[in-house]
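Thank you all for coming; I would like to walk you through one model this morning, and I will put the sequence and the structure up before I say anything about them.

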Amino acid sequence: MAGRFVPRTTAVPRQEPGSGAGSASAPSRTRTWTPPGPLDLRLVLSPLRRGPADPAYRALPDGSFWRATRTPVGAGTLRVSASHDGRVSAAAWGPGAQWLLDGLPALLGEGDAPDAFRPRHRLLALTQHRRPGLRLLRTGLVMESLIPSILEQKVTTDEAYRAWRLLLRTYGTPAPGPADVTFGTYGLYVMPDARTWSLIPSWEWHRAGVDSKRSATILRAVRVARRMEEAAAMELPEAMARLQLIPGIGPWTAAETLQRSNGAADAVTVGDLHLPGIVGHALAGNRNADDEEMLALLAPYEGQRHRATRLIMLSGNTPARRAPRMTPRDIARL
């Protein structure tokens, strides 16, 4: 059946007991935190979501947000929700539970400085006023954003999301805690560790729709995963340079990664198919703008250029589509 992914028996090792899977009865750690200002959890956390069926992220109708990830001390599941008085409540499970709770303020933008942004366009001023809860998150984790960003290189988002979903469900581990009870069959999954990524056979990348160029880039990155993770503590220029030491990782991938891992307010995405036209249309009425013009328009916001593009996207002032969508490629059929 087209689109169905049936895992084969391979030499990829299963995760060690206790590294990912948990039970509904497993104890959780909890924390309550009061943010320094307005906070919209959906706006803050949405950059972590890789498609509507992301195995590592869920947003529920009750206003809670679930995230499964691999921390430096092991797998962890985090549940976050906000109360009417503005306080944020969090629960975490697994070996990485305490690490996730310790990093909760940073994740939700405590280190961000939205007041440093000075809008010089009416559109951005209005959007900033209407979205006071926007803060730029910081996960402190590079690989969890780098790998899906590589998967998104020069393909449709649907193709990239499918690959991420299938690879996590096949080679990841069930998230610790009650996620299996909460979400049933399509539960939360923690992404594979670096060794497991490195042992995925070439034909399984192919079956997931990932071409050899992207899979080879991921394999090069996971071989030096520790060096990549060090970029989370670097200033933006040094972090950009560190990631781009890997062949196949350019400015687009590095910026998309550091926006999430480092909360980099100035990590503007260059080399994107649509963003220059969106920025050009919003700020200058030119939907045909290229990277050079986009950077010129964003120059007044140096230091905050990523925030400026987030506000533009949130404004809804984007050009109408004039051409059909890019046709997805199904290399698994080849």
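Let me begin with a question: which two strands form a hairpin with 5 residues between them, and which residue in the turn has a positive phi? The hairpin is formed by β4 and β5, and the residue is Gly-86, whose phi is about 95°.

A word on the source before I go on. This is a predicted model, in which local features need pLDDT of at least 70 and side-chain atom pairs count only at pLDDT 80 or more, while totals for chains, interfaces and linings use all residues. Residues are numbered from 1 along each chain as its sequence is written, and side-chain values use heavy atoms, with hydrogens and water left out.

Overall, the protein holds 16 helices and 7 strands, where helices (H or I, at least four residues) and strands (E, at least two) are DSSP runs numbered from the N terminus. Of its 334 residues, 50% count as buried, and buried here means under 20% relative accessible area, exposed over 50%, and partly exposed in between, with a 1.4 Å probe and protein chains only. If we take the contacts (heavy atoms within 4.5 Å) between residues at least 6 apart in sequence, 69% of them join residues at least 24 apart.

Now to the sheet that contains our hairpin. The sheet is open, has 5 strands in the order β1-β5-β4-β3-β2, and its pairing is antiparallel; two strands pair if DSSP finds at least two bridges between them. At the edges stand β1 (29-33) and β2 (57-59), each with a single partner strand, so one side of each has no neighbour in the sheet. From one strand to the next the twist averages 20°.

Strand β5 deserves some time. On one side, β1 and β5 run antiparallel and are joined by 5 bridges, with Thr-30 standing opposite Ala-91 and Trp-33 having Val-88 as its bridge partner. With β4 (residues 74-82), β5 pairs in the antiparallel sense over 6 bridges, and there Ser-81 has Ser-89 as its bridge partner. β5 is also mostly covered, since 5 of its 6 residues are buried.

The same strand brings us to the aromatic residues, so how many aromatic pairs does the structure hold? There are 3 of them, counting rings of Phe, Tyr and Trp (its six-membered ring) whose centres lie within 6.5 Å, with planes under 30 degrees apart called stacked, over 60 edge-to-face and the rest tilted. One of them joins Trp-66 and Trp-93, which are stacked at 5.6 Å centre to centre with 5° between the planes. This pair links distant parts of the chain, because Trp-66 lies in strand β3 (residues 65-71) and Trp-93 in strand β5 (residues 88-93), 27 residues apart. Both Trp-66 and Trp-93 are buried.

Phe-117 and Tyr-301 have ring centres 5.1 Å apart and planes at 20°, so this pair is stacked too. Phe-117 sits in the loop between α3 (104-107) and α4 (122-130), and Tyr-301 in the loop between α15 and α16 (305-315), 184 residues apart. Both Phe-117 and Tyr-301 are buried.

Turning to the interior, the largest nonpolar core has 36 residues, and those with the most contacts inside it are Met-143, Leu-146, Leu-167, Trp-197, Trp-205 and Leu-243. By a nonpolar core I mean a set of buried Ala, Val, Leu, Ile, Met, Phe, Trp, Tyr and Cys residues joined through side-chain atoms within 4.5 Å. The elements giving two or more residues to this core include α5 (143-151), α6 (157-171) and α10 (212-223). A second, separate core of 19 residues includes Leu-45, Val-80, Val-88 and Ala-90.

Is Ser-215, which is found in helix α10, buried or exposed? At 9% relative accessibility, Ser-215 counts as buried, and, leaving aside neighbours within four places in sequence, Ser-215 is in contact with Trp-205 and Val-210.

Finally, a helix pair. The axes of α14 (residues 275-284) and α16 come within 10 Å and cross at roughly 75°, where axes are lines fitted to C-alpha atoms, for helices over the stretch in contact, and angles run from 0 to 180 degrees between N-to-C directions. That makes α14 roughly perpendicular to α16, the class for 65 to 115 degrees, with under 35 roughly parallel, over 145 roughly antiparallel and the rest oblique. Among the residues making the contact are Leu-275 and Ile-278 of α14 and Thr-309 and Ile-312 of α16.
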